[in-house]
Amino acid sequence: MTTIPDKTEILGWLREMDPERLAELWRRADETRRQCVGDAVHLRGLVEISNHCARQCAYCGLRAGNENLVRYRMPAAEIFESARQAVEFGYGTVVLQGGEDYGITAKWLAEIVRRIKSETPLAVTLSLGERPDKDLAAWRKAGADRYLLRFETSDRNLFDEIHPPLGNHEGDRIAILRRLREFGFEVGSGIMVGIPGQTYASVADDIALFRELDLDMIGIGPFIPHPQTPLGNGFRFFPSVNGEQVPNNELMVYKAVALTRLVRPDANIPATTALATINKKNGRELGLQRGANVFMPNLTPLSYRRLYEIYPNKACITETGDACNGCLSLRIKGIGRHLGRGAGGRRSRQVIAEPEAGKECCHA
Ligand code: SAM
Ligand code: SF4
């Protein structure tokens, strides 16, 4: 059992560089993970259903302004086939992710969700950007279980700089996260670490916000510059307050993952693809040993996968679903963990009263 760090302690850990002290943070995060969500690693089959996007996020290769990208939208039959593959591999969840693509109508996707729910045992997670409430409500009604929408950074000024409004639609992701909960979704969010202009204090705020929002799933990955974006081509740069800049390296990601496990002991926390991209050798394993408990193997058909280029040199871009599945099983077993069974939703949200900083907590 461990205590929940308050914001000052979180900030101290984010700045910590002493390997021996950090070993203590990894140990605490791993122990909390083991006590609160166990040794199972849950697999969510990721299907990147469209790389069209109406948005102009300054960090992302799928932004509408990137004219060097061939765009695709997967046909319904292929999405369903990928979901079938998830069942075949024994995954409990399929994640349908894409750009904020209004070529995907609420009705079309609701049909697909309905079919997956009626013909497979899968939990369905959606991650399709800031869609209007009526679309989100329709997808929930069709049976979608979860929705992922990262708030990216809780620093509102920085977020507005890197995430321009769509028309006159401002895009308050935190307000959307609260509404998603009202619609009855399990709700996931997360951040990028090392966004140009991000301070240590703002990452500490992000982690405190994970606790406040009582999130079910929390994804944390490094910001990886994409040369065809304003943040990756050097065209725009945002100096932080006092010139401070959080590095976008793996150590910072491990610290954020470990601290997130301490503040949200029973959340589902993936070892992200972005982390695997900056350390292809063992980034995922280290993530799992420092607080994470979820992997998201890629089930997108290979012909589309290389076109879903959020950032360059993405991990697992050439492996088939089969190869990815085999590789991940070996990696999980290699660190003495086992594959999770079933949907792997969050176990105990209803039982959790808001934990106070400094109090002991497990919730499992
Ligand atoms: N369009 C949806 C959205 O924005 O929520 C879902 C797809 S979007 C590609 C998924 C996530 O990719 C974003 O939330 C963001 O955190 C991450 N991402 C985008 N560009 C990135 C970059 N250059 N480096 C690291 N992560 C990035
Ligand atoms: Fe579109 Fe999402 Fe990329 Fe923003 S992060 S450009 S919304 S795909």
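**Exercise 1. Are Tyr72 and Tyr304 buried or exposed?** Establish this for the predicted model, then describe how the two rings are arranged.

*Solution.* Step 1. Tyr72 is buried, and Tyr304 is buried as well. The term applies to residues under 20% relative accessible area.

Step 2. A pair of aromatic rings is described by the distance of the centres and the angle of the planes. For Tyr72 and Tyr304, the centres are 4.7 Å apart and the planes enclose 25°. Planes under 30 degrees apart count as stacked, and the pair of Tyr72 and Tyr304 is accordingly described as stacked.

Step 3. Tyr72 belongs to the loop between strand 2 (40–50) and helix 3 (76–88), whereas Tyr304 belongs to helix 12 (residues 302–305), so the pair ties together parts that are 232 residues apart in sequence.

**Exercise 2. Determine why the pair of Phe89 and Tyr91 is classed as tilted.**

*Solution.* Step 1. The ring centres of Phe89 and Tyr91 are 5.7 Å apart, and their planes stand at 55°.

Step 2. Rings pair if their centres lie within 6.5 Å; planes under 30 degrees apart are stacked, those over 60 are edge-to-face, and the rest are tilted. The planes of Phe89 and Tyr91 are at 55°, so the pair is tilted.

Step 3. Phe89 has a relative accessible area of 15% and is buried. Tyr91, at 5%, is also buried. The structure holds five aromatic pairs.

**Exercise 3. Identify the rings over which Arg115 and Arg140 lie.**

*Solution.* Step 1. Arg115 places its charged end over the ring of Phe80, at 3.7 Å from the ring centre.

Step 2. Arg140 lies over the face of Phe185, and here the distance to the ring centre is 5.8 Å.

**Exercise 4. Describe the surroundings of ligand 1.**

*Solution.* Step 1. Ligand 1 is surrounded by 18 residues, the closest being Tyr59, Arg150, Glu152, Ile224 and Ile310. By class, this shell contains ten nonpolar, five polar and three charged residues.

Step 2. A polar backbone atom of Tyr59 is 2.9 Å from a nitrogen atom of ligand 1. Oxygen atoms of the ligand also have polar partners: a side-chain atom of Arg150 lies 2.9 Å from one oxygen atom, and a side-chain atom of Arg173 lies 3.2 Å from an oxygen atom.

Step 3. Ligand 1 taken alone exposes 550 Å², of which the protein buries 93%.

**Exercise 5. State which residues are around ligand 2, and classify them.**

*Solution.* Step 1. The residues are Cys53, Arg55, Cys57, Tyr59, Cys60, Leu62, Arg63 and Gly99.

Step 2. The shell of ligand 2 divides into five nonpolar residues, one polar residue and two charged residues.

Terms used:
Residues numbered from 1 in each chain as written. Chains lettered and ligands numbered in written order. Predicted model: local features only at pLDDT ≥ 70, side-chain atom pairs only at ≥ 80, totals over all residues. Heavy atoms only, no water. Near = heavy atom within 4 Å. Polar contact = N/O pair within 3.5 Å; in protein donor to acceptor, adjacent residues only side chain to side chain. Areas by Shrake-Rupley, 256 points an atom, 1.4 Å probe, with all protein chains shown as cover. Nonpolar A, V, L, I, M, F, W, Y, C, P; charged D, E, K, R; others polar. Phe/Tyr/Trp six-rings, centres within 6.5 Å; stacked < 30°, edge-to-face > 60°. Helix = DSSP H or I, 4+ residues; strand = E, 2+ residues; numbered from the N terminus. Buried < 20%, exposed > 50% of the residue type's maximum accessible area, 1.4 Å probe, protein only. Lys NZ or Arg CZ within 6 Å of the ring centre and 35° of its normal.
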